[in-house]
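Thank you for making the time this morning. I would like to walk through one structure with you, beginning with a pair of charged side chains and working outward from there.

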Amino acid sequence: MDQTGDLLLETPVDGGLTTGAVARLLGVAPTTLRSWDRRYGIGPAARQDGRHRRWTGADIAALRNMCALTSAGLPPAEAARTVLAGASAAGTSSTGPSRAEKPGAGASGVPAEPRSARASRAPGPLPVGRALQECRGLARAAARLDAPALDELLTALLDRYGLPAAWDEVMMPVLHAVGRKWETAGERYIEVEHLLSWHVSGALRGVTAGRTPAPGAGLALLACVPGETHTLALEALAATLAQQGLSVRMYGADVPARALEDAVRRTGPAAVVLWAQSRRTANPTLVARLDALEWGVRGARRRPVVCVAGPGWAGRQPPGARHLSGLSDAVDTLATL
């Protein structure tokens with residue numbers, strides 16, 4: 001939020017801000033604010049004419065804490081109890097200290113770990129309960145269209161658990177859940193999926209910013225087959241390979257067959273990974289064409305190892321291709337080529 005917005009929050013005019021204005025500032029639906037007020041008591045301390053909600057700076061600070069706690073995965077009822085308990089301890093009615101004022105609180109509004117604990121935590125699988133909580137927090141931030149919270153949560157996930165665990169146990173399940181939601185609700189949730197996908201993509205690219213491959217590392221060429229537009233799984237693979245010092249060329253969505261052949265001839269990759277999200281786009285003929293490509297001087301010609309990945313290839317592995325069953329399997333397989 002810009003400085004004008006922050007000033008507006010601190011010095012509301014005419015006795016406070018309307019619910020609609022607060023909703024726009026915080027990226028929360030007005031119906032959500034009314035629900036929190038009605039169900040949990042997270043509401044304005046005063047009302048204009050006894051009826052219309054007017055939110056003061058202190059009220060909005062409580063809402064900020066509420067948003068942060070639900071983004072961290074707490075159920076709304078538990079988050080509200082935490083906010084109200086903080087307000088009671090601070091001697092206020094329905095508001096608590098802002099995130100910046102809470103001693104020992106991190107940017108997510110929950111108590112932060114000591115710096116030494118954060119630095120010593122090795123990436124690894126998430127405990128089941130923790131994974132579910134992280135999924136809930138990420139999904140709620142996406143549903144609110146809360147871009148800053150998405151960036152904050154994704155960065156914390158990657159820092160704490162590492163890329164493979166964060167992808168397999170949080171990012172991918174939430175993306176699938178959001179996708180199923182809009183498929184069953186018409187076009188109501190497309191904006192949620194698009195925003196979440198954009199921020200996940202940005203977080204994955206940030207993991208490998210400035211990294212250079214190890215000397216002598218073989219090249220992996222990653223591409224979606226023609227007609228395929230789902231790239232996030234390949235982006236997660238590209239980022240993980242780059243983290244391990246391997247050389248990657250990521251060509252993204254819907255790459256024409258001729259362009260793929262030209263890219264293979266020009267770069268001479270050790271492996272080519274073809275992603276297909278659906279059986280409609282999975283193309284065994286393309287696999288055979290790439291598998292037959294050769295380059296190099298006569299007597300020392302080479303060919304790529306062609307790998308297929310994604311649900312579109314399930315049950316139909318083309319001859320000569322290696323099937324990659326998931327992120328960890330893909331990384332292990334490609335690292336040996």
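Before I point to anything, let me fix one term: a residue is called buried when its relative accessible area is under 20%, exposed when that area is over 50%, and partly exposed in between. By that criterion Arg144 and Asp146 are both buried, and their side chains meet in a salt bridge, with a distance of 3.1 Å from N to O. Please keep in mind throughout that what you see is a predicted model.

Let me now step back to the chain as a whole. It has 337 residues, of which 42% are buried, and it contains 14 helices and seven strands. If we take the contacts with a separation of 6 or more, 68% of them are accounted for by residues 24 or more positions apart. The accessible surface comes to about 17000 Å², and carbon and sulfur atoms hold 54% of that area.

Next, the sheet. Five strands form an open sheet, paired in parallel, in the order E4-E3-E5-E6-E7. Strand E4, residues 247-250, and strand E7, residues 322-324, stand at the edges with a single partner strand each, and therefore one side of each has no neighbour in the sheet. On average, and with direction ignored, neighbouring strands here are turned by 25 degrees against each other. If you look towards the E7 edge, strand E6, residues 305-309, runs parallel to E7 and is joined to it by three bridges; within that pairing, Val308 of E6 has His323 of E7 as its bridge partner.

What packs on the sheet, touching E3 and E5? Helix H12, residues 257-267, does so, and its direction makes about 170 degrees with that of E3. Helix H11, residues 232-243, lies across E3 (219-224), E4 and E5 (271-275), and it runs at about 170 degrees to E3.

The loop between E3 and H11 holds a residue I would like you to find, Thr231. With a relative accessible area of 17%, Thr231 counts as buried. Not counting residues up to four places away in sequence, Thr231 touches Cys224, Met250, Gly252 and Ala253. For the last of these, Ala253, the C-alpha atom is separated from that of Thr231 by 6.0 Å, although the two residues are 22 residues apart along the chain.

Turning to the interior, in soluble globular proteins nonpolar side chains tend to be buried together. Here the largest nonpolar core has 48 residues, and the members that touch the most others are Leu163, Trp167, Leu196, Val200, Leu237 and Val273. Helix H9, residues 163-184, gives the most to this core, contributing nine residues. What is Leu163 in contact with, leaving aside its neighbours within four places in sequence? The list is Leu158, Leu204, Val207, Ala236, Ala239, Thr240, Gln243 and Leu327. There is also a second, separate core of 21 residues, and among its members are Ala263, Val264, Leu290 and Ala321.

A brief word on helix H3, residues 30-40, whose buried residues are Leu33, Ser35, Trp36 and Asp37. Just after H3 comes Gly41, with a positive phi of about 80 degrees.

Let me return, finally, to the charged pairs. How many salt bridges does a search of the whole structure find? The search finds six. One of the pairs is Arg289 with Glu261, whose closest N and O atoms are 2.3 Å apart; this pair links distant parts of the chain, since Arg289 sits in helix H13 (residues 284-291) and Glu261 in helix H12, 28 residues apart. The two partners differ in burial: Arg289 is partly exposed, at 40% relative accessibility, whereas Glu261 is buried, at 8%. Both belong to a network of salt bridges that also links Arg258, Asp262 and Arg265.

Another pair is Arg303 with Asp291, where the closest N and O atoms are 3.3 Å apart. Arg303 lies in the loop between H13 and E6 while Asp291 lies in helix H13, so the pair ties together parts that are 12 residues apart in sequence. Arg303 itself is partly exposed, with a relative accessible area of 45%.

Notes: Residues are numbered from 1 along each chain as its sequence is written. This is a predicted model: local features need pLDDT of at least 70, side-chain atom pairs count only at pLDDT 80 or more; totals for chains, interfaces and linings use all residues. Side-chain values use heavy atoms; hydrogens and water are left out. A nonpolar core is a set of buried Ala, Val, Leu, Ile, Met, Phe, Trp, Tyr and Cys residues joined through side-chain atoms within 4.5 Å. Buried means under 20% relative accessible area, exposed over 50%, partly exposed in between (1.4 Å probe, protein chains only). Helices (H or I, at least four residues) and strands (E, at least two) are DSSP runs, numbered from the N terminus. Contact means heavy atoms within 4.5 Å. Two strands pair if DSSP finds at least two bridges between them. Axes are lines fitted to C-alpha atoms, for helices over the stretch in contact, and angles run from 0 to 180 degrees between N-to-C directions. Accessible areas come from the Shrake-Rupley method with a 1.4 Å probe; for residues, only the protein chains shown count as cover. A salt bridge is a side-chain nitrogen of Lys or Arg within 4 Å of a carboxyl oxygen of Asp or Glu.
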